[in-house]
Amino acid sequence: MHRTGPRIRAVPVVSPALSTDDRILLAQISDLHIGAGVGNADPARRTERVVAALSGLDPAPDAVIVTGDLTQLGEPGEYGRVRELLAPLEMPVHALPGNHDVRAALHDALLADVATGPGEFLQYEARVGRLRLLVCDTIIPGEDGGRLCAERLGWLEAALAADRETATIVAMHHPPLTTGIEAMDEIGLEPVSRAQLAAVLDRAPNVLRVIAGHVHRPMYSTCGGRTVFSCPSADVAIRLDLRHGAELGVLDEPPAYALHLVTDGTLVTHVQPLP
Ligand SMILES: [Fe+2]
Ligand SMILES: [Fe+2]
């Protein structure tokens with residue numbers, strides 16, 4: 001096809017802390033549920049395939065984040081298997097807990113070298129090139145729903161207040177959004193936590209994305225004016241059933257991963273199911 005007239009290049013919405021020369025690739029995988037098995041689904045085999053796909057990417061991701069539910073029961077043996085499955089990844093791998101995880105076992109398996117806190121909470125800051133990653137812990141031990149209590153939210157608020165410039169991604173397991181899938185919303189992030197998080201995010205325009213897992217489907221929404229993204233699962237998907245009173249159903253859909261790419265001074269998020 002022949003172009004007519006001058007070539008017009010869109011003017012990017014450049015994050016103040018990113019230049020158009022920055023190229024940063026953060027891969028996200030979620031909800032591996034190693035140790036589970038629904039029907040014919042084999043979570044370990046599925047994670048193995050996702051890891052192989054990430055390992056084969058060119059350009060390679062600068063880092064990988066695993067947004068919770070790494071295991072089904074949170075047992076040390078399951079985390080041992082998770083370590084084996086993630087071992088082919090040569091880039092830094094960041095992890096955070098989901099409702100199927102146990103903090104101490106996850107910490108010992110994957111976060112032993114990371115300064116986490118406050119208290120027992122597995123929260124920490126990491127860098128991916130010029131991108132800042134703020135990792136939050138939304139779990140309530142023994143429950144499926146999520147919470148950001150005053151201590152956890154205070155940590156996030158202080159981290160954001162300390163740096164209003166650096167382009168930032170906030171990661172957590174329970175996404176701060178309403179899915180419309182009733183049974184999933186019943187085990188979502190508590191409404192009070194969501195409202196308080198929204199107020200914190202509203203003051204942090206350098207947060208380019210809130211990324212999460214838990215809902216086993218790709219979804220997009222907003223919280224405090226920031227874009228929220230939930231990553232599909234490496235394990236089975238949750239059925240997209242918006243009927244009132246519908247029970248939670250699972251689907252044996254292809255495992256998938258997401259790629260968050262800083263390019264042209266902006267952040268774009270791709271979702272890639274495996275063939
Ligand atoms: Fe999950
Ligand atoms: Fe979950």
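**Exercises: a hairpin, a sheet, a helix and an iron site**

Let's start with a turn: in the hairpin of strand 12 and strand 13, which has two residues between the strands, Asp 264 takes a positive phi near 60 degrees. Helices (H or I, at least four residues) and strands (E, at least two) are DSSP runs, numbered from the N terminus.

This is a predicted model, where local features need pLDDT of at least 70, side-chain atom pairs count only at pLDDT 80 or more, and totals for chains, interfaces and linings use all residues. Residues are numbered from 1 along each chain, chains are lettered from A and ligands numbered from 1 in the order written, and side-chain values use heavy atoms, leaving out hydrogens and water.

**Exercise 1.** Work out in which sense strand 12 and strand 13 pair, then place the two strands in their sheet.

*Solution.*
1. Strand 12 (256-263) and strand 13 (266-273) pair in the antiparallel sense, over eight bridges. Pairing takes at least two DSSP bridges between two strands.
2. Inside that ladder, His 260 stands opposite Thr 269 in strand 13.
3. Zoom out, and you get an open sheet of five strands in the order 3-2-1-12-13, with mixed pairing. Strand 3 and strand 13 are the edges, each pairing on one side only.
4. For a parallel pair, look at strand 1 (24-29) and strand 2, joined over four bridges; Ile 29 has Val 66 of strand 2 as its bridge partner.

**Exercise 2.** Find the buried residues of helix 3 and say what they pack against.

*Solution.*
1. In helix 3 (103-110), the buried ones (under 20% relative accessible area, exposed being over 50% and partly exposed in between, with a 1.4 Å probe and protein chains only) are Arg 103, Ala 105, Leu 106 and Ala 109.
2. Down the helix axis they fall within an arc of 165 degrees, so they line one face. The arc uses directions from the axis to the C-beta atoms.
3. Turned away from that side are the exposed Ala 104 and Asp 108.
4. The buried residues pack against helix 2 (76-86), strand 3 (93-96) and helix 4 (150-162), with contact meaning heavy atoms within 4.5 Å.

**Exercise 3.** List the donors of the iron ion (ligand 2).

*Solution.*
1. Asp 69 (OD), Asn 99 (OD1), His 173 (NE2) and His 214 (ND1) coordinate the iron ion (ligand 2) at 2.1 to 2.3 Å. Donors are N, O and S atoms within 2.8 Å of the metal (3.2 Å for Na, K and Ca); water is not among the atoms, so sites may look incomplete.
2. The iron ion (ligand 1) is 3.4 Å from the iron ion (ligand 2), and Asp 69 coordinates both.
3. Asp 69 is buried at 2% relative accessible area, and Asn 99 counts as buried at 13%.
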